Amino acid sequence: MACDNSYLIKIFEKINKFSFSSRSLENSVMNWNYIGAGKTRIVSKITSDKNEFYFFDSIFIENSYVKDNNLILKDRKLWCIDGNSIEFYHFRNGVYEKIFKFLFFKNKFVLKEEYFCNPDIYSGDIQIFDYGISFSIAIKGKKKNELIEYIYYVDNY
């Protein structure tokens, strides 16, 4: 069964807010334990050969220990929808770096391969719903065992 790209495009174009969490799991030394919410601005470039969605995220992180130490983080992502795949890029060191490719298989998207950033290994998951997108990243390495989760919501949710 083929992926319905027009459905995906409609979902991606309507995203405007999200929830965020990061958790350090067993044996991690990073202490990446944050929750937050944010807004995103989407810039789309739809052409006959590819569909690009640039996410400009602003994440409000509430520090539950020190109320005056809240954070606002900026992040940029690029999503490319092409045929039966979704590619995820993260803006890093001044360029969009490809991290994951998800392939549509048996009515869901599956990760094609893990991403290596020595000494860490990244894996990811993406699910598309009528209300938006659930996206997670797991990072494992010598010092890391992290789970980062985003739930992006469409503007009428």
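Tyr-150 is buried, with a relative accessible area of 6%. This description rests on a predicted model. The neighbour of Tyr-150 in ring pairing is discussed below, together with the wider set of aromatic contacts.

## Aromatic pairs

The count of aromatic pairs comes to 22. In one of them, the ring centres of Phe-88 and Phe-135 lie 4.7 Å apart and the planes meet at 50 degrees, so the pair is tilted. Phe-88 belongs to strand E5 (residues 85-92) and Phe-135 to strand E10 (residues 132-140), so this contact ties together parts that are 47 residues apart in sequence. Both of these phenylalanines are buried. The rings of Phe-135 and Tyr-150 form another pair, with centres 6.3 Å apart and planes at 25 degrees, so this pair is stacked. It links distant parts of the chain, since Phe-135 is in strand E10 and Tyr-150 is in strand E11 (residues 145-154), 15 residues apart. Phe-135, which takes part in both pairs, has a relative accessible area of 1%.

Phe-88, Phe-135 and Tyr-150 are members of a cluster linked by ring pairs. Other members include Phe-12, Phe-18, Phe-20, Phe-53 and Phe-55, as well as Trp-79 and Tyr-152.

## Charges over rings

Two arginines are placed over aromatic rings. Arg-41 lies over the face of Phe-56, at 4.5 Å from the ring centre. Over the ring of Phe-91 sits the charged end of Arg-76, 3.5 Å from the centre.

## Salt bridges

A search of the whole structure finds seven salt bridges. Three of them are set out here.

| Salt bridge | N to O distance |
|---|---|
| Lys-77 and Asp-57 | 2.6 Å |
| Glu-87 and Lys-101 | 3.8 Å |
| Asp-120 and Lys-144 | 2.9 Å |

Lys-77 lies in strand E4 and Asp-57 in strand E3 (residues 51-61), so their salt bridge ties together parts that are 20 residues apart in sequence. Both ends of this bridge are buried: Lys-77 has a relative accessible area of 1%, and Asp-57 has 2%.

The bridge between Glu-87 and Lys-101 joins strand E5 to strand E6, so it connects parts that are 14 residues apart in sequence. At 15% relative accessibility Glu-87 counts as buried, whereas Lys-101, at 24%, counts as partly exposed.

Asp-120 lies in strand E9, and its partner Lys-144 lies in the loop between E10 and E11, so this bridge ties together parts that are 24 residues apart in sequence. Asp-120 is buried, with a relative accessible area of 8%. Salt bridges that share partners also join Asp-57, Asp-75 and Lys-77 into one network.

## Cysteines

The search of the whole structure finds zero disulfides. A disulfide is a covalent bond between the sulfur atoms of two cysteines. The sulfur of Cys-3 is 14 Å from the closest cysteine sulfur, which belongs to Cys-80, and this is too far for a bond because a disulfide requires the two sulfur atoms to be within 2.5 Å. Both cysteines are nevertheless buried: Cys-3 has a relative accessible area of 12%, and Cys-80 has 8%.

## Backbone features in loops

Most residues other than glycine have a negative phi, and most peptide bonds are trans. Against that background, three places in the loops deserve mention.

The peptide bond from Asn-118 to Pro-119 is cis, with omega near 10 degrees. Pro-119 is found in the loop between strand E8 (115-117) and strand E9 (120-129).

Asn-27 is a residue other than glycine with a positive phi, near 70 degrees. Its position is in the loop between strand E1 (15-24) and strand E2 (34-46), and Asn-27 is exposed, with a relative accessible area of 67%.

Asn-107 also has a positive phi, of about 65 degrees, although it is not a glycine. The loop between strand E6 (95-105) and strand E7 (108-111) contains Asn-107, which is exposed at 54% relative accessible area.

## A nonpolar surface patch

On the surface, Tyr-34, Leu-71 and Leu-73 form a nonpolar patch with about 240 Å² of accessible area together. Leu-71 lies in strand E4 (residues 71-82) and counts as partly exposed, at 34% relative accessibility.

Notes:
Residues are numbered from 1 along each chain as its sequence is written. This is a predicted model: local features need pLDDT of at least 70, side-chain atom pairs count only at pLDDT 80 or more; totals for chains, interfaces and linings use all residues. Side-chain values use heavy atoms; hydrogens and water are left out. Buried means under 20% relative accessible area, exposed over 50%, partly exposed in between (1.4 Å probe, protein chains only). Rings of Phe, Tyr and Trp (its six-membered ring) pair if their centres lie within 6.5 Å; planes under 30 degrees apart count as stacked, over 60 as edge-to-face and the rest as tilted. Helices (H or I, at least four residues) and strands (E, at least two) are DSSP runs, numbered from the N terminus. A charge sits over a ring if NZ of Lys or CZ of Arg is within 6 Å of the ring centre and within 35 degrees of the ring normal. Patches are made of residues with over 30% relative accessible area and no salt bridge: like charges are joined within 9 Å, nonpolar side chains (Val, Leu, Ile, Met, Phe, Trp, Tyr) within 5 Å. Accessible areas come from the Shrake-Rupley method with a 1.4 Å probe; for residues, only the protein chains shown count as cover. A salt bridge is a side-chain nitrogen of Lys or Arg within 4 Å of a carboxyl oxygen of Asp or Glu.
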